[in-house]
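Let us take a friendly walk through a protein model. Keep the sequence and the 3D view open beside you as you read.

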Amino acid sequence: MKTDCGTTMIDNTESTAETGTARRSIIALRIGFIASLSAIAIVCAFFFAEQSARNQSIQQVSALSRQLATLDHIMRDLAFHSGRLAETHKDFSDYIDPRLANATLAQKREIIASLQIDPDIISSIASLDSRLIKARRELFKLRFDWKQAPAGLTSEIQSKSRYMTTTDPFQNHEKMLAPERFDAARTKKDIYWIGRETHSLYEGVVEPSNLGVQERLRDYLAGQSLAQGALLQRYLLATMGILVVLGFGVFVPIDMIIRRMISRLQDKTRETNAALVKAKAADRAKSEFLATMSHEIRTPMNGVLGMAELLTRTELDTRQRTFTDIILKSGNALLEIINDILDFSKIDAGQMVLCPKSFNLVDTTEDVATLMSSRVVEKDIELVVRIAPGLPDRLIGDPGRIRQVLTNLVGNAVKFTEQGHVMVEITWRDAESLQQQAGDDSEPARRLAISFAVRDTGIGIPEDKIEAVFDKFSQVDGSSTRKHEGTGLGLAIATRLVDLMGGRIKVESALGEGSTFSFEIEMNVDESANQSAESPAAALPGRRVLVIDDNAINRMILTEQMRDWGFDCVAVESGEIGLDLLRHARSSLGIGIDLLVLDFQMPGMTGAEVARAIRSDPLIADTPILVLSSIDQADQLEALDNLDIYAQLTKPVRTAQLRQTVQSALQKALRRPAYTPPVMQTPLTPESAGPTDAVVQPPVAALVSDSTPAPSTERLEDHARMQPAVQADALVDAQAPIAAQAPASTREPVSTGTEREPLVMVAEDNQVNQIVFQQSLDSLGINHDLAINGRDAVEMWARLRPDLVLMDVSMPELNGMEATAEIRAIEAREGMSPTPIIAVTAHSLKGDEDRCLAAGMDDYLSKPISPEKLAAMIERWLPGVQIDTDAA
């Protein structure tokens with residue numbers, strides 16, 4: 001019984017399935033009928049609509065052709081008649097009215113205005129007027145027919161015609177039929193020249209234009225006729241195909257539907273795969289759209305931000321300055337969002353690729369510090385950069401992407417740090433070369449593993465949120481009441497970029513103590529560009545440098561730099577200790593400090609007070625002083641007036657700039673008369689010293705224990721790194737360079753002596769951007785000239801020979817790349833040294849920077865451009881040029 005019931009249930013199930021199959025088959029047949037009939041109706045409707053549109057277009061073009069032929073016939077008659085009149089009166093072509101012979105220009109105008117029409121030419125003028133009126137009437141009709149004709153056809157004719165303009169296709173016809181020309185006729189000479197001009201204008205311009213238009217109209221009509229034939233053929237083929245499908249659909253066996261059901265699962269699988277491919281393609285299209293739109297926004301953003309920054313440098317009242325600051329901050333926030341969206345969309349669309357080239361990692365890192373300096377000053381925190389000694393000058397990598405990663409990491413650190421400091425530290429070690437990894441026995445290129453670490457003393461990250469900070473659109477505080485704004489894309493972008501470079505970002509953080517973001521990437525050393533440079537200490541033996549700074553990290557970095565350059569250096573944490581050390585060195589040991597590097601803002605005794613105390617003490621008054629200050633202390637630097645400060649540098653100080661300034665100060669100190677102490681502890685007599693002997697003094701590091709109070713724990717750690725020496729032999733070892741030569745600037749400093757002031761040439765066609773550049777360079781104190789297009793830029797460069805060129809990429813006549821190519825060709829032909837050319841553009845898509853560099857440009861600056869970015873770029877390529885740092 002149970003078996004029968006089971007069999008019945010199975011049969012019922014099969015019957016239901018068969019019934020369902022049959023029902024679906026009938027439905028499929030009905031759908032086939034309806035679909036076939038609908039398809040025939042759609043094809044017929046499409047053919048009718050297309051045929052009607054083509055017929056209407058043919059009628060319009062035919063009417064236009066007839067009207068143009070009518071006008072051409074009338075204008076030919078007018079030209080022929082005008083030519084005959086000119087031939088008739090050609091004897092008067094050179095006739096000069098005696099009344100006009102010796103008259104002035106004003107008198108000639110009065111005489112001509114008062115002349116009566118020559119009676120002999122009244123009939124000629126009347127005949128010309130009648131033809132002119134008729135021609136102008138037909139021209140008006142032609143204009144109407146021209147507007148009714150297909151827009152694509154008329155646009156094509158205008159664009160390809162030599163005699164038509166895009167604004168007015170019948171401008172030359174209007175010129176020939178202008179009534180003012182004929183109304184001005186007074187004499188036979190006038191008739192001669194009007195007739196000759198009309199005849200020439202018709203034969204030289206109007207007739208060729210009419211013939212060209214007629215030829216294109218004929219071609220268009222012929223093409224339409226062929227298209228109609230092809231359309232009819234396609235209609236017949238489509239109709240026959242639909243009828244065939246309809247016939248087979250009626251008599252198709254039911255087993256086709258069964259096979260279709262069997263293959264349904266496979267179809268669904270293929271559909272799913274196809275949908276996935278389409279989704280990915282749509283996602284890439286979205287990213288490409290975002291990238292393009294972000295690029296288009298950059299050009300007006302340059303005007304908005306540039307003008308806002310320039311406005312903040314004018315005299316404003318409190319209310320106006322508040323509004324301007326809001327515009328500037330909102331614009332920068334919008335720009336950051338645009339940049340984040342652009343970069344992430346390029347990464348998402350697979351457009352982001354690395355562009356390896358030779359670059360200076362020190363310059364790249366210090367570029368980031370310079371750009372962040374204003375934000376650091378606003379929050380009253382320290383931003384310091386430490387680069388391990390011995391790093392080669394030139395590496396092979398992508399400086400733009402490294403700069404972008406560091407900018408994101410440092411920007412985040414500054415954003416979430418309210419007090420303390422942000423430190424960027426770069427260390428390195430030798431890594432296995434790619435040849436060694438591949439088992440190649442050839443000479444391997446030197447390869448380094450570069451470690452980057454960005455440390456801050458900010459709010460830190462909760463342990464459960466550490467992994468989430470690298471997700472896109474993710475923030476530690478995702479609430480609507482969060483204090484710190486942002487898109488949450490910065491770290492996601494940085495992570496993807498580091499992944500592209502073969503590294504991985506790591507984070508260590510403690511809530512309330514700060515965070516450290518670090519990553520390590522490998523880069524080859526550019527051996528061809530790394531030339532062994534002479535150490536500054538080689539020309540300045542035994543020079544002593546004293547650093548006074550209350551910040552332990554700054555002391556450590558400055559001491560490390562000075563010793564890396566081969567100088568004898570020690571650092572103390574307060575002005576009181578520094579003064580005691582200076583006095584003790586002079587009074588007890590009979591030696592002086594060759595340079596004092598002094599922090600301006602310190603607790604207790606400020607930098608200005610230390611400098612004033614030194615200058616008021618005759619014993620140490622001749623000590624050269626180099627002051628380091630922040631950009632927000634410009635109004636306080638008046639305290640240094642009349643204190644004979646050798647130089648004042650703004651933090652963060654670039655390594656090349658600091659090195660050059662220190663070397664210059666020590667060279668100047670070397671030329672000053674030596675200090676003669678009142679009592680020598682160990683006098684050097686002629687009998688005891690040979691002709692080449694010199695008095696060997698102890699290094700400055702050995703003075704601290706004798707002359708200063710017990711240092712703090714931080715100071716003891718600094719002193720533990722020193723090599724104290726008392727004997728002369730130990731002194732020589734202490735003065736030896738600790739590591740390889742520090743990176744040098746890629747370009748010689750610009751002379752500021754008696755030579756001409758450095759000149760920057762700007763090539764920019766956009767008027768708003770021209771104002772932004774001019775005002776920004778004026779505020780920076782940079783001498784500059786402006787070229788308004790590419791051709792003008794080449795000519796101005798050849799005439800002025802500027803020291804630096806800021807070249808917009810998109811310009812009329814010659815674009816930036818073409819102008820650069822011409823300049824490089826002139827330089828190569830004349831054997832000149834190349835002028836640095838910086839590409840300035842709103843383009844930010846894949847390959848834009850490569851194309852600029854391939855065209856011969858030296859660097860790349862993306863819009864919008866702030867005075868800070870502009871100043872940093874000028875300092876990179878014109879080191880030593882005087883820039884108004886307050887403006888920047």
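## A first parallel sheet

Five strands line up in the order β9-β8-β10-β11-β12 to make an open sheet, and their pairing is parallel. At its edges are β9 (568-572) and β12 (647-650), each of which pairs on one side only. From one strand to the next, the twist averages 20°. Please keep in mind that this is a predicted model.

What holds such strands side by side? Strands of a sheet pair through backbone hydrogen bonds, either parallel or antiparallel. For a close look, pick strand β11 (residues 625-629), which runs parallel to β12 and is joined to β12 by 4 bridges. Within this pair of strands, Leu628 has Leu649 of β12 as its bridge partner.

Helices lie across this sheet too. Helix α17 (residues 552-564) crosses β8 (544-548), β9, β10 (595-599) and β11, and runs at about 175° to β9. Helix α19 (residues 607-616) lies across β8, β10 and β11, with an angle of about 150° to β10.

## A second parallel sheet

Now move further along the chain. Which strand order does the next open sheet have? The order is β14-β13-β15-β16-β17, again an open sheet of 5 strands with parallel pairing. Here the edge strands are β14 (783-787) and β17 (859-862), and each pairs on one side only. Neighbouring strands of this sheet are turned by 20° against each other on average, with direction ignored.

Inside this sheet, strand β13 (residues 759-763) and strand β15 (residues 804-808) run parallel and are joined by 4 bridges. Ala763 stands opposite Met807 in β15. This sheet also has helices on it. Helix α25 lies across β13, β14 and β15 and runs at about 145° to β14. Helix α28 (residues 867-877) packs on the sheet as well, touching β15, β16 (837-841) and β17, and its direction makes about 175° with that of β17.

## Charged pairs

Next, look at the side chains that carry charge. Side chains of opposite charge can pair when their charged atoms come close. The count for this model comes to 30 salt bridges. Here are three of them.

| Salt bridge | Closest N to O distance |
|---|---|
| Arg131 and Asp77 | 2.8 Å |
| Lys160 and Glu156 | 3.1 Å |
| Glu822 and Arg791 | 3.2 Å |

Where do the partners in these pairs sit? Take Arg131 and Asp77, whose closest N and O atoms are 2.8 Å apart. Arg131 lies in helix α4 (residues 122-148) and Asp77 in helix α1 (residues 2-88), so this salt bridge ties together parts that are 54 residues apart in sequence. Arg131 counts as partly exposed at 23% relative accessibility, and Asp77 counts as partly exposed at 32%.

The pair of Lys160 and Glu156 has another setting. Both belong to helix α5 (residues 151-160), and because they are 4 residues apart there, about one helical turn separates them. Glu156 is partly exposed, with a relative accessible area of 36%.

For Glu822 and Arg791, the closest N and O atoms are 3.2 Å apart. Glu822 lies in helix α26 (residues 816-830) and Arg791 in helix α25 (residues 790-800), so the pair ties together parts that are 31 residues apart in sequence. Glu822 counts as partly exposed at 28% relative accessibility, and Arg791 is partly exposed at 32%. Salt bridges can also share partners: Asp367, Arg403, Arg654, Asp859, Glu875 and Arg876 are joined in this way into one network.

## A nonpolar patch on the surface

Which residues make a nonpolar surface patch of about 210 Å²? They are Met307, Val768 and Ile771. Ile771 belongs to helix α24 (residues 767-780). Is Ile771 buried, partly exposed or exposed? Ile771 is partly exposed, because its relative accessible area is 38%, and buried would mean under 20% while exposed would mean over 50%.

## The whole chain

Finally, step back to see the whole chain. It holds 28 helices and 17 strands. The chain has 888 residues, and 45% of them count as buried. Its accessible surface comes to about 46100 Å², with 56% of that belonging to carbon and sulfur atoms. Among contacts between residues at least 6 apart in sequence, 75% join residues at least 24 apart.

Conventions. Residues are numbered from 1 along each chain as its sequence is written. This is a predicted model: local features need pLDDT of at least 70, side-chain atom pairs count only at pLDDT 80 or more; totals for chains, interfaces and linings use all residues. Side-chain values use heavy atoms; hydrogens and water are left out. Patches are made of residues with over 30% relative accessible area and no salt bridge: like charges are joined within 9 Å, nonpolar side chains (Val, Leu, Ile, Met, Phe, Trp, Tyr) within 5 Å. Accessible areas come from the Shrake-Rupley method with a 1.4 Å probe; for residues, only the protein chains shown count as cover. A salt bridge is a side-chain nitrogen of Lys or Arg within 4 Å of a carboxyl oxygen of Asp or Glu. Helices (H or I, at least four residues) and strands (E, at least two) are DSSP runs, numbered from the N terminus. Buried means under 20% relative accessible area, exposed over 50%, partly exposed in between (1.4 Å probe, protein chains only). Contact means heavy atoms within 4.5 Å. Two strands pair if DSSP finds at least two bridges between them. Axes are lines fitted to C-alpha atoms, for helices over the stretch in contact, and angles run from 0 to 180 degrees between N-to-C directions.
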